[in-house]
Amino acid sequence: MRRSPLRWTIPAFLALQLGLLWVQGAQLHRQNQVLAGLREDIQALTESLENNQGSASAEEEPAAVPASLFEAPPPPKKVAVLGAEEEQEPAAKDLQASKDSAQKAVKDAREVQSKLSLEENARKAEEARKVQAATNAWQRWVWVGLAVVALALVGRSVLRRRG
């Protein structure tokens with residue numbers, strides 16, 4: 001009396017499905033952990049940026065006083081052409097110094113922004129590499145498991161044909 005091949009095929013497929021569900025659950029758990037870590041990193045980065053902006057705005061606020069609070073100085077009296085040129089020189093120097101200071105501040109801000117951007121890109125690349133490594137690790141085990149199941153089914157069928 002020959003047994004039906006479905007007798008072992010159905011339990012084998014059920015066991016395979018159970019194994020795949022277990023692997024999927026493990027993958028979802030890993031993704032949840034990665035997302036939680038990314039959420040913490042984003043919160044820390046946001047707090048860091050807020051602290052940096054808060055300290056920068058606190059430093060800039062005393063210097064940025066509205067002009068309406070100050071009385072306008074009386075216009076300089078022109079005594080002679082030579083005297084007027086002498087009075088304009090310090091104002092031109094002050095204006096040039098303030099322009100240089102503003103350009104330096106903009107340059108420094110751009111450098112800091114580029115450094116933050118580079119650090120953020122490096123961190124993202126590292127996270128992507130870790131996720132890819134974790135994905136490759138579990139995929140390798142899934143393929144090995146599938147190969148073992150396939151070999152077991154082929155071996156079983158060969159043994160049945162001989163017997």
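This passage describes the helices, the solvent exposure, the salt bridges and a nonpolar surface patch of a single chain.

The model is a predicted one, and its chain is made up of two helices, with zero strands. Helix 1 covers residues 6-60 and helix 2 covers residues 81-162. Of the 163 residues in the chain, 4% count as buried. The area that the chain exposes comes to about 14,500 Å², and 62% of this area is supplied by carbon and sulfur atoms.

Three salt bridges are present in the structure. One of them pairs aspartate 41 with arginine 123, and the closest N and O atoms of this pair lie 3.4 Å apart. Because aspartate 41 belongs to helix 1 whereas arginine 123 belongs to helix 2, this salt bridge ties together parts of the chain that are 82 residues apart in sequence. Both partners fall into the intermediate class of accessibility: aspartate 41 is partly exposed, with a relative accessible area of 29%, and arginine 123 is likewise partly exposed, with a relative accessible area of 25%.

Arginine 123 also forms a salt bridge with glutamate 120, and here the closest N and O atoms are 2.7 Å apart. The two residues stand three positions apart in helix 2, so that about one helical turn separates them. The side chains of glutamate 120 and arginine 123 are, in addition, joined by a polar contact of 2.7 Å. Glutamate 120 has a relative accessibility of 18% and therefore counts as buried, since the limit for that class is under 20% relative accessible area. Through these pairings, Asp41, Glu120 and Arg123 are linked in a network of salt bridges; within this network, aspartate 41 is the residue contributed by helix 1, while arginine 123 lies in helix 2, as does glutamate 120.

A further salt bridge is found between glutamate 126 and arginine 129, for which the closest N and O atoms are 2.5 Å apart. This pair, too, is three residues apart in helix 2, which means that glutamate 126 and arginine 129 are separated by about one helical turn. Glutamate 126 counts as partly exposed, at 34% relative accessibility, and arginine 129 also counts as partly exposed, at 48% relative accessibility.

Apart from these charged pairs, the surface carries a nonpolar patch of about 290 Å², which is made by Leu45, Leu49, Val112 and Leu116. The elements that give two or more residues to this nonpolar patch are helix 1 and helix 2. Among the residues of the patch, leucine 45 lies in helix 1 and, with a relative accessibility of 32%, counts as partly exposed. This value agrees with its place in the patch, because patches are made of residues with over 30% relative accessible area and no salt bridge.

Taken together, the two helices of the predicted model are connected by the salt bridge between aspartate 41 and arginine 123, and both helices also supply residues to the nonpolar patch.

Technical notes. Residues are numbered from 1 along each chain as its sequence is written. This is a predicted model: local features need pLDDT of at least 70, side-chain atom pairs count only at pLDDT 80 or more; totals for chains, interfaces and linings use all residues. Side-chain values use heavy atoms; hydrogens and water are left out. Patches are made of residues with over 30% relative accessible area and no salt bridge: like charges are joined within 9 Å, nonpolar side chains (Val, Leu, Ile, Met, Phe, Trp, Tyr) within 5 Å. Accessible areas come from the Shrake-Rupley method with a 1.4 Å probe; for residues, only the protein chains shown count as cover. A salt bridge is a side-chain nitrogen of Lys or Arg within 4 Å of a carboxyl oxygen of Asp or Glu. Helices (H or I, at least four residues) and strands (E, at least two) are DSSP runs, numbered from the N terminus. Buried means under 20% relative accessible area, exposed over 50%, partly exposed in between (1.4 Å probe, protein chains only). A polar contact is a pair of N or O atoms within 3.5 Å; within protein, one must be able to donate a hydrogen and the other to accept it, and residues adjacent in sequence count only if both atoms are side-chain atoms.
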